[in-house]
Structures are given as structure tokens and as C-alpha cells.
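Work through the exercises below with the sequence and the model open. Try each task before reading its solution.

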Amino acid sequence: MKKNILFVVNPISGDLDKSDLISVVEEFAATNDFDLEVYETTGKNDQKKVQGLYNQYQPERIVVAGGDGTIKMVAEAVEQFDVVIGILPAGSANGLSVDLNLPDTIEENLKIAFLHHYIEMDMISINGKKSIHLSDIGVNANLVKNYEESNLRGFWGYALQAYSALKESEEPFVATISANHETVEHTARMIVIANSQKYGTGVIINPNGAMNDGKFELVILKSLDLLLIGKIITGNMPIDSDDIVIISTDKATIKTDYPVNFQIDGEYCGAQSSLEIHILHKQMKIAIP
């Protein structure tokens with residue numbers, strides 16, 4: 001009996017043509033005796049369509065070619081079903097695949113996505129929206145907003161936006177944070193809500209993060225001087241710095257003194273002044289090396 005696999009492709013993610021990738025995946029599936037159903041996302045009703053295809057084919061795995069946004073859409077579509085999600089990194093934001101230490105070659109990733117074991121991974125609920133990776137309020141969300149609005153892509157586009165976001169960044173905000181039965185107040189430039197350790201660029205922002213421990217971390221960056229940013233970008237996160245506070249918890253609220261730019265998994269979500277956050281433990285199964 002052949003096993004069914006649903007292959008969900010975001011045809012425009014990462015500005016890459018996916019026709020070659022689809023051919024390679026079809027060949028791999030045929031060689032390994034899988035029945036493959038291919039679905040290309042359109043940006044319209046994808047979640048409902050993926051649910052319908054799951055119900056129709058009852059696949060044993062769903063393999064996703066896209067970035068964090070596509071993975072999250074699929075995870076939300078099948079959250080009540082018992083199915084393993086495999087990842088073929090192919091987006092402009094591949095933070096989750098970086099965190100899972102997925103390899104660089106398509107051949108290795110195909111084996112992992114179709115055949116390897118999996119972990120049961122947490123998600124985070126923020127104001128009712130789900131986050132699989134890293135969300136934040138403050139300077140980086142401002143950068144995501146600028147990036148979405150600009151025509152520049154790739155590393156240099158991102159670097160240029162980072163520079164201008166820092167130069168134009170609003171005043172620090174005052175955040176009142178309730179977690180672990182206590183309330184604290186911090187003046188911050190940015191607060192990261194982290195289910196994992198690294199941004200898609202490989203920058204480690206939350207060294208103690210684990211995606212299946214039933215907790216998330218709030219990483220509060222109080223100052224964002226260029227020296228601190230330089231350290232973070234080169235991967236030398238200064239944990240003992242007075243400028244960084246990390247709170248580990250399973251639920252929290254953040255209230256800010258004025259609306260601050262906010263993003264979830266690389267998607268800009270407007271300016272917010274109140275965030276209600278809690279962990280969704282073991283919410284999805286993800287194939288790992």
C-alpha cells in the first residue's frame with residue numbers, strides 16, 4: 001500500500017521559481033513509492049484548501065516548500081489532525097529551518113521531510129494569532145514593516161532597512177510585563193517573544209530556547225546601541241549584559257505606554273499596545289534531522 005504525501009508549495013516565496021523543485025520532489029516520491037499530491041498556494045483560502053486536501057487524501061505527511069509563513073499556514077490548517085510536517089526551506093524567511101539545523105542541500109532535506117523522525121513542537125498564541133518561531137515588538141518589527149514596503153530584497157535590502165530602522169527608530173517604550181506571578185516594568189527598544197533560538201539570519205537571540213519545553217522566552221533589549229547590535233548580529237549574544245533581560249514563562253501579558261510596531265514570524269501585524277501571550281504545548285509534529 002503506497003503512502004500518501006501532500007506537497008504544499010508556495011510558488012512565489014523567496015522570489016525563486018519552484019518548477020525544478022517540484023520535479024525533483026515528484027521524482028523522489030516516485031522512487032520511494034509515495035503517492036504525491038501537489039498543491040500550489042495562491043494566497044486565497046489556502047488554509048481551507050489544505051484542510052480539504054488533508055481530508056480527501058489522509059496523507060501520512062505534509063511536505064512544505066516555502067518560508068515560515070507557509071509552514072505556519074499549513075500547521076494552522078492541520079492543527080487538529082495527527083500528521084507530521086516536513087520542511088523544504090524555500091522562503092525569504094526560513095527561521096524555523098535554521099533553528100532545526102536543516103541541511104543546505106535539497107537531497108538531504110527530502111530524506112528528512114519524507115522519512116525522518118519528528119519532534120512535537122510548541123506554538124505560541126499572541127492576541128489569538130499563532131507564532132511558530134520569533135515575534136517581536138519594537139525596532140525589528142519596524143524593520144519588517146519597511147522591508148514589506150520596499151522593493152529591495154536579499155541580505156543587502158535587509159541590512160539597509162536595518163540601518164534606516166535604527167536611525168529612525170522611535171523613542172524607547174515603557175513595557176509593563178506580567179509573568180510568573182509578578183509584574184515588572186522595563187524601558188525597552190525591542191521585546192522578542194521567542195519559541196526558539198535564532199532569527200533566520202542565524203543570529204542567536206535566545207540561547208536557552210527550546211521549541212518543545214512548554215515555555216517561551218521574552219527577551220527584552222533595553223538599549224540598541226550599535227555595539228550591542230554588532231554583538232548580536234555576529235552571534236555573540238551578551239547574556240550577562242545589563243541591557244538584556246530574559247524571562248522564561250508559559251504565559252504573559254505585555255502592555256506598552258504607546259502603540260509599538262509588532263510582527264509575528266516575519267509578518268507585520270500593526271502597532272500594538274497590549275499583548276496576551278500563552279504557550280500551546282506540543283501543537284505540531286515537525287520532521288527533524
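**Exercise 1. The nonpolar cores**

Task: Find how many residues the largest nonpolar core has, and which of them have the most contacts inside it.

Solution. The model is a predicted one. Its largest nonpolar core has 32 residues. Those with the most contacts inside this core are Ile-62, Val-78, Leu-96 and Leu-100.

Next, list the elements that supply the core. At least two residues each come from β1 (3-9), α2, β3 (61-66), α3, β4, β5 (118-126) and β14 (267-287). The element that gives the most is α3, with five residues.

Then take one core residue, Val-78, and leave aside its neighbours within four places in sequence. Val-78 is in contact with Val-50, Tyr-54, Ile-62, Val-83 and Ile-85.

There is also a second, separate core, with 23 residues. Ala-188, Phe-216, Ile-247 and Ile-264 are among them. As a general background, nonpolar side chains in soluble globular proteins tend to be buried together.

**Exercise 2. One helix and its two sides**

Task: Determine which residues of α2 are buried, and which exposed residues sit on the face turned away from them.

Solution. Start with the length. Helix α2 has 12 residues, and the distance from its first C-alpha to its last is 16 Å. This is close to the 16 Å expected at 1.5 Å a residue.

Now mark the buried residues: Asp-46, Val-50, Leu-53 and Tyr-54. Viewed down the axis of α2, the buried residues fall within an arc of 105°, so they line one face of the helix. The general rule is that an α-helix has 3.6 residues a turn, so residues three or four places apart point the same way.

The face of α2 turned away from the buried side carries Lys-48 and Gln-56, which are exposed. The cover over the buried residues of α2 includes β1, β2, β3 and α3. Just after α2 comes Gln-58, with a positive phi of about 45°.

**Exercise 3. Aromatic pairs**

Task: Count the aromatic pairs, then classify the pair Phe-34 and Phe-114 as stacked, tilted or edge-to-face.

Solution. The count is three aromatic pairs. For Phe-34 and Phe-114, the ring centres are 5.3 Å apart and the planes stand at 50°, so this pair is tilted. The cut-offs behind this step are under 30 degrees for stacked and over 60 for edge-to-face, with the rest tilted.

Now place the two residues. Phe-34 belongs to strand β2 (residues 34-40) and Phe-114 to helix α5 (residues 106-115), so the pair ties together parts that are 80 residues apart in sequence. Phe-34 and Phe-114 are both buried. Together with Phe-28, they form one aromatic cluster.

Compare Tyr-54 and Phe-81, a stacked pair with 4.3 Å from centre to centre and 15° between the planes. Tyr-54 is in helix α2 (residues 46-57) and Phe-81 in the loop between α3 (68-77) and β4 (84-89), so this pair ties together parts that are 27 residues apart in sequence. Are the two rings' residues buried or partly exposed? Buried means under 20% relative accessible area. Tyr-54 has 7% relative accessibility, so Tyr-54 counts as buried. Phe-81 has 23%, so Phe-81 counts as partly exposed.

**Exercise 4. The partners of a strand**

Task: Identify the strands that pair with β7, and state the sense of each pairing.

Solution. Strand β7 covers residues 134-138, and five of its five residues are buried. One partner is strand β10 (residues 190-194), joined to β7 in the antiparallel sense over five bridges. Within this pairing, Ile-137 stands opposite Ile-191 of β10.

The other pairing to note is with strand β13 (residues 251-264), which runs antiparallel to β7 with three bridges. Here Ser-135 has Ile-264 of β13 as its bridge partner. Ile-264 also appears in the second core of Exercise 1.

**Exercise 5. A histidine in a strand**

Task: Decide whether His-186 is buried or exposed, and list its contacts beyond four places in sequence.

Solution. His-186 lies in strand β9 (residues 182-188). Its relative accessibility is 15%, so His-186 counts as buried. With neighbours within four places left aside, His-186 is in contact with Phe-173, Val-174, Ala-175, Ile-177, Ile-220, Lys-222 and Val-245.

Methods
Residues numbered from 1 in each chain as written. Predicted model: local features only at pLDDT ≥ 70, side-chain atom pairs only at ≥ 80, totals over all residues. Heavy atoms only, no water. Buried < 20%, exposed > 50% of the residue type's maximum accessible area, 1.4 Å probe, protein only. Helix = DSSP H or I, 4+ residues; strand = E, 2+ residues; numbered from the N terminus. Pairing = 2+ DSSP bridges. Phe/Tyr/Trp six-rings, centres within 6.5 Å; stacked < 30°, edge-to-face > 60°. Core = buried A, V, L, I, M, F, W, Y, C linked by side-chain atoms within 4.5 Å. Contact = heavy atoms within 4.5 Å. Expected span 1.5 Å × (residues − 1). Arc of directions from axis to C-beta.
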